[in-house]
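Work through the exercises below with the sequence and the model open. Try each task before reading its solution.

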Amino acid sequence: MQQDKDNKGSMTVAEAGRKGGETVRNERGREFYETIGRKGGATVKAERGRSFYEEIGRKGGETVKAERGAKFYEEIGKKGGDRVKATRGPNFYEEIGRKGGQKVKKLIEEGKRAARAAMEKQQEQPQQAQGESASAAPPPTEEGPGRSE
């Protein structure tokens with residue numbers, strides 16, 4: 001019990017950190033943490049690149065999958081979908097589906113146009129090559145076969 005009397009009034013590092021964080025939040029507000037978080041994230045991205053985030057995300061996902069199983073992702077996906085449906089309504093999925101379909105349609109049309117343009121360009125090149133080889137041949141003379149004077 002002597003140890004308890006000696007530690008009276010002291011706190012753990014975690015408790016001190018929590019207390020300090022609450023004080024800063026009360027003085028500066030939640031936006032302060034959002035701002036410094038964005039700045040820190042931008043710095044890490046500049047130093048380590050996007051691939052760093054991809055790698056740690058993949059590792060984190062593998063860890064969660066190993067600890068909780070693949071079923072966990074199904075459950076949280078369903079919960080997220082239900083939450084979106086509750087907050088935005090069932091028509092939201094119809095809207096984004098329609099927008100996605102329109103985007104796909106537009107991309108397909110652009111791809112077809114690009115493919116047609118490439119084929120037309122490819123067809124023009126052999127014709128130009130034929131025209132160049134024909135112009136490289138000597139011009140026909142007036143004394144062609146079957147003509148004699």
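**Exercise 1. Find the residue just after helix 4 and give the sign of its phi.**

Solution. Go to the end of helix 4 (helices are DSSP runs of H or I, at least four residues, numbered from the N terminus). The residue there is G69, with a positive phi of about 90 degrees. Now go to the end of helix 2, residues 13-28. G29 follows, and its phi is also positive, near 90 degrees.

This is a predicted model, in which local features need pLDDT of at least 70 and side-chain atom pairs count only at pLDDT 80 or more, while totals for chains, interfaces and linings use all residues. Residues are numbered from 1 along each chain as its sequence is written, and side-chain values use heavy atoms, with hydrogens and water left out.

**Exercise 2. Compare the reach of helix 4 with its expected span.**

Solution. Helix 4 has 19 residues. The expected span is 1.5 Å times one less than the number of residues, which gives 27 Å for helix 4. From first C-alpha to last, helix 4 reaches 27 Å, close to that value. Repeat for helix 2: its 16 residues reach 22 Å, close to the 22 Å expected.

**Exercise 3. Describe how helix 4 packs on helix 5.**

Solution. Two packed helices are described by the angle between their axes and the distance between the axes. Axes are lines fitted to C-alpha atoms, for helices over the stretch in contact, and angles run from 0 to 180 degrees between N-to-C directions. Helix 4 (residues 50-68) and helix 5 (residues 70-88) pack at about 105 degrees, axes 6 Å apart. Helix 4 and helix 5 are therefore roughly perpendicular (the class for 65 to 115 degrees). Next, list the contact (heavy atoms within 4.5 Å). G61, V64, K65 and R68 of helix 4 touch A70, F72 and Y73 of helix 5.

**Exercise 4. Which residues of helix 3 meet helix 4?**

Solution. Helix 3 covers residues 30-48, and its axis lies 6 Å from that of helix 4, at about 105 degrees. Helix 3 supplies G41, V44, K45 and R48; helix 4 supplies R50, S51, F52 and Y53.

**Exercise 5. Locate the salt bridge of R30.**

Solution. A salt bridge needs a side-chain nitrogen of Lys or Arg within 4 Å of a carboxyl oxygen of Asp or Glu. The partner of R30 is E34, with the closest N and O atoms 3.1 Å apart. Both lie in helix 3, four residues apart, about one turn of the helix. The structure holds six salt bridges.

Conventions
Helix = DSSP H or I, 4+ residues; strand = E, 2+ residues; numbered from the N terminus. Parallel < 35°, antiparallel > 145°, perpendicular 65-115°, else oblique.
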